[in-house]
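Subject: Structure handover

Hello,

Here is the structure for you to look over. My notes follow below it.

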Amino acid sequence: MKKILRNKFIKTILATIAISFLPLIILEIVSLIIPDPFENSPTAAERLCEDPYEIYIQDYLDNDGSATVVDENLHVINLGGPALFDKEYLSADDWFLFINPSDRDSGYRYDIAAYDGEYGYWLILRSPVAFKFELSINLKPSNSYQTVILLTLIVLFYFAVLLSFAGLYSEKVTKDIKTIEDEEEKKRMLLVSEISHDLKTPLASVQGYSEMLLEREVSDKERQDYLKLIHDNSVRTNVILQSLFMYSKLESAGFKPNAERTDICEFTRLILAEYIAKFDDAGFTYEFEIPEKEIFASLDKNLFRRIYDNLIENSLKYNESGTKIEIAVREKENIEITISDNGIGIPKESRDKIFEPFYRANESYHGSGLGLAIVRQLVELHGGTIELARGVGCCWIIKLPKI
Ligand code: ADP
């Protein structure tokens, strides 16, 4: 449980980081996709000529840019586009401030060149950097102190957002886990009450008949009958306990099957060969469809055998002589194994619950009710699924991954 919580918490943190970086990445991509209209146009230096009014600036005007000339007397001449300065003459300070790139408006790109002729001037071309997004930090000695404080505040804010997200999410996860725990607890309680109920009857019989043998004078025939009842009930208790042991072993988190690459066709053939005599004895007819080729699956042979045993034994146990059992292995997208009989089948109302532990569709037989629950566990441990198909009798369809 702690592991789930830890995994979810880490996932939440990672997701929050990913989400918070997403807009930055999108902006960066957008800025890369949008073409730069000035990419191949001449620089300010290349445009210089003796008469500033002759300078080509149309491309800047077409793209919301502006062109400004400042002469040696710091007189401002606006050649076109929105005015760069709000005065006609600049002071030396104004000019110095403007020339210093860090004090300029970062929403624009500037290209400045000086013409050194009889009439000297500076040409300033300005264009908006629409969607030009750059993730850069300008650390300069003059403003490093403020920058460090700003960066620290940004990082702290970011972590606060991150932690509150993670906090909210882990609260939800904790609630989910609590619900799972409650359900597991309910399941455990149900299991305990089912087990005690199932063990109570045979154990009470064992106790009752053995007391009779101990306390009463009984005939040889009675002794024989009582001993048989004691034996049968202890066998039944043992079956329940064995199944229960298997069920809880498979249910435990650390359980791993000892799987190996196995040809399912050969494996099935060998098991079915053992059953032929039993089918004959029970008066069953049978039909097998197993491909001659090899189809490989990853199987723990000992465990997988129990799937066949449980399903076939059920068929023999719950159906009468004359029943036909059909077993097929087919290669599709995955491996499909069907075990079907045309016997009494399972009532419609029991179909949904049939794989639940201790569920019995037919109370007149004394099974543990764990067989199909174990079968489902085993199939799932092998990465497969099992279902009960609709139709006459019982038709179990197992799907297994091929390897
Ligand atoms: P059990 O140990 O009682 O046999 P299972 O979980 O194996 O328990 O089976 C659950 C119920 O499903 C059985 O009680 C029986 O009523 C029904 N069942 C299983 N297989 C068949 C079948 N082939 N034909 C008819 N009923 C079956």
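A polar contact here is a pair of N or O atoms within 3.5 Å. Aspartate 341 meets that cut-off: a polar atom of its side chain lies 3.0 Å from a nitrogen atom of the ligand. Please keep in mind that this is a predicted model.

Two further contacts involve oxygen atoms of the ligand. The side chain of tyrosine 318 places an N or O atom 2.6 Å from a ligand oxygen. Leucine 372 uses its backbone instead, with an N or O atom 2.8 Å from an oxygen atom of the ligand. How much of the ligand does the protein bury? On its own the ligand exposes 540 Å², and 97% of that is buried by the protein.

Now the site as a whole. The ligand takes up the space of the largest pocket. Its shell counts 22 residues. Asn314, Tyr318, Asp341, Asn362 and Leu372 are the closest of these. Sorted by class, the shell holds 10 nonpolar, nine polar and three charged residues.

Which elements supply the shell with at least two residues each? They are α8 (301-318), α9 (371-381) and β11 (394-400). The top contributor is α8, which gives four residues.

β11 also deserves a look away from the ligand. This strand pairs with β10 (residues 385-389) in the antiparallel sense, over five bridges. One of the bridge pairs joins alanine 389 to cysteine 395 of β11. Four residues lie between the two strands of this hairpin. Glycine 391, in the hairpin, has a positive phi near 135°.

If you open the file at one place, start with the ligand and its polar contacts to tyrosine 318, aspartate 341 and leucine 372. Then follow β11 from the shell to its pairing with β10.

Best wishes

Notes
Residues are numbered from 1 along each chain as its sequence is written. This is a predicted model: local features need pLDDT of at least 70, side-chain atom pairs count only at pLDDT 80 or more; totals for chains, interfaces and linings use all residues. Side-chain values use heavy atoms; hydrogens and water are left out. A residue is near a molecule or strand if one of its heavy atoms lies within 4 Å of it. A polar contact is a pair of N or O atoms within 3.5 Å; within protein, one must be able to donate a hydrogen and the other to accept it, and residues adjacent in sequence count only if both atoms are side-chain atoms. Accessible areas come from the Shrake-Rupley method with a 1.4 Å probe; for residues, only the protein chains shown count as cover. On a 1 Å grid over the protein atoms alone, a cavity is a set of points where a 1.4 Å probe fits but cannot get out, and a pocket is an open set with protein on both sides within 12 Å along at least five of seven lines; lining residues have an atom within 4 Å of a point. A molecule sits in a cavity or pocket if more than half of its atoms lie within 2 Å of its grid points. Ala, Val, Leu, Ile, Met, Phe, Trp, Tyr, Cys and Pro count as nonpolar, Asp, Glu, Lys and Arg as charged, and the others, Gly among them, as polar. Two strands pair if DSSP finds at least two bridges between them.
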